[in-house]
Amino acid sequence: MSQIAIKTASPQEWQYIQEIRRAVFQEEQGVDPALEFDGKDEIAQQIIAYIDTQPVGTARVRYLDAKTAKIERLAVLSIARGQGIGKRLMQKAIELAIEKKIQEVVIHAQEYIKLLYQQLDFIQEGETFDEAGIPHVKMRKKLTNNECD
């Protein structure tokens, strides 16, 4: 049985994060590298997922202000999808935000995957919009301190 581990990434794992995001966003979805690597990674908290010892997923948390965080760049390699890794990455990101006393999290969810976020109690705001040539929706989740209990 494979072991899935989700953790805050160390600087040494940045190469794995780049490889995962390149495979998912650039190769699969055709996102421009300049849009994908936007210069905001240095100010974000990076999360990485492993199956056994293989890095297979990532996400980042950016703190917009003292009350709001934005979870971005959720990516899971195609070979690892369907195992709940995306959901576990989001749960870890939410946990990190709660540790910092953040009150709400916002995301720009790709339209096709918004059900995942709805399962985590994110609520859609507004209409679908285009981001990097892909339909997205803005979603928001209010946090409470007992969220991870």
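**Exercise 1. Which residue lies over the face of tyrosine 63, and at what distance from the ring centre?**

Solution. Keep in mind that this is a predicted model. Start at the ring of tyrosine 63 and look over its face: the residue there is lysine 100. The distance to the ring centre comes out at 5.5 Å, inside the 6 Å limit for a charge over a ring.

**Exercise 2. Work out how strand β2 is paired and whether it is buried or exposed.**

Solution.
- Step 1: take the β1 side. Strand β1 (residues 4-8) runs antiparallel to β2, and five bridges join them. For a register check, threonine 8 has isoleucine 47 of β2 as its bridge partner.
- Step 2: take the β3 side. Eight bridges link β2 with strand β3 (residues 54-63), again in the antiparallel sense. Here alanine 49 sits opposite glycine 57 of β3.
- Step 3: look at the turn. The β2-β3 hairpin has two residues between its strands, and aspartate 52 adopts a positive phi near 55°.
- Step 4: check burial. Of the eight residues in β2 (residues 44-51), seven are buried, so the strand is largely enclosed by the rest of the structure.

**Exercise 3. Find the aromatic pairs and describe the geometry of each.**

Solution. Scanning the whole structure turns up two of them.
- Pair one: tryptophan 14 with phenylalanine 37, edge-to-face, with 6.3 Å centre to centre and 90° between the planes. Tryptophan 14 belongs to helix α1 (residues 14-28) and phenylalanine 37 to the loop between α2 (33-36) and β2, so the contact ties together parts 23 residues apart in sequence. Tryptophan 14 is partly exposed at 27% relative accessible area, and phenylalanine 37 is partly exposed at 24%.
- Pair two: tyrosine 117 with phenylalanine 122, also edge-to-face, at 6.0 Å centre to centre and 80° between the planes. Tyrosine 117 has 7% relative accessibility and phenylalanine 122 has 3%, so both count as buried, given the cut-off of under 20%.

**Exercise 4. Map the largest nonpolar core and say which element gives the most to it.**

Solution.
- Step 1: get the size. This core has 32 residues, and Ile85, Ile107, Tyr117 and Phe122 have the most contacts inside it.
- Step 2: list the suppliers. At least two residues each come from β1, β2, β3, β4 (68-76), α3 (85-99), β5 (104-110), α4 (114-119) and β7 (134-142).
- Step 3: pick the top one. That's α3, with eight residues.
- Step 4: zoom in on isoleucine 107. Skipping neighbours within four places in sequence, its contacts include Ile71, Met90, Tyr117 and Phe122.
- Step 5: don't miss the other core. Apart from the largest one lies a core of eight residues, among them Phe25, Val31, Ala75 and Ile134.

**Exercise 5. Check the length of α3 against its expected span.**

Solution. Use 1.5 Å a residue: the 15 residues should span 21 Å, and the end C-alpha atoms are 21 Å apart, so the two agree. Buried residues of the helix include Ile85, Leu89, Lys92 and Ile98. After α3 comes lysine 101, with a positive phi near 65°.

**Exercise 6. Is arginine 73 buried or exposed, and what does it touch?**

Solution. First place it: arginine 73 is in strand β4. At 18% relative accessibility, arginine 73 counts as buried, because the cut-off is under 20%. Leaving out residues up to four places away in sequence, arginine 73 touches Arg21, Phe25, Leu35, Glu36, Asp38, Thr58, Ala59 and Arg60.

Technical notes. Residues are numbered from 1 along each chain as its sequence is written. This is a predicted model: local features need pLDDT of at least 70, side-chain atom pairs count only at pLDDT 80 or more; totals for chains, interfaces and linings use all residues. Side-chain values use heavy atoms; hydrogens and water are left out. Buried means under 20% relative accessible area, exposed over 50%, partly exposed in between (1.4 Å probe, protein chains only). Helices (H or I, at least four residues) and strands (E, at least two) are DSSP runs, numbered from the N terminus. Two strands pair if DSSP finds at least two bridges between them. A nonpolar core is a set of buried Ala, Val, Leu, Ile, Met, Phe, Trp, Tyr and Cys residues joined through side-chain atoms within 4.5 Å. Contact means heavy atoms within 4.5 Å. Rings of Phe, Tyr and Trp (its six-membered ring) pair if their centres lie within 6.5 Å; planes under 30 degrees apart count as stacked, over 60 as edge-to-face and the rest as tilted. A charge sits over a ring if NZ of Lys or CZ of Arg is within 6 Å of the ring centre and within 35 degrees of the ring normal. The expected span of a helix is 1.5 Å times one less than its number of residues.
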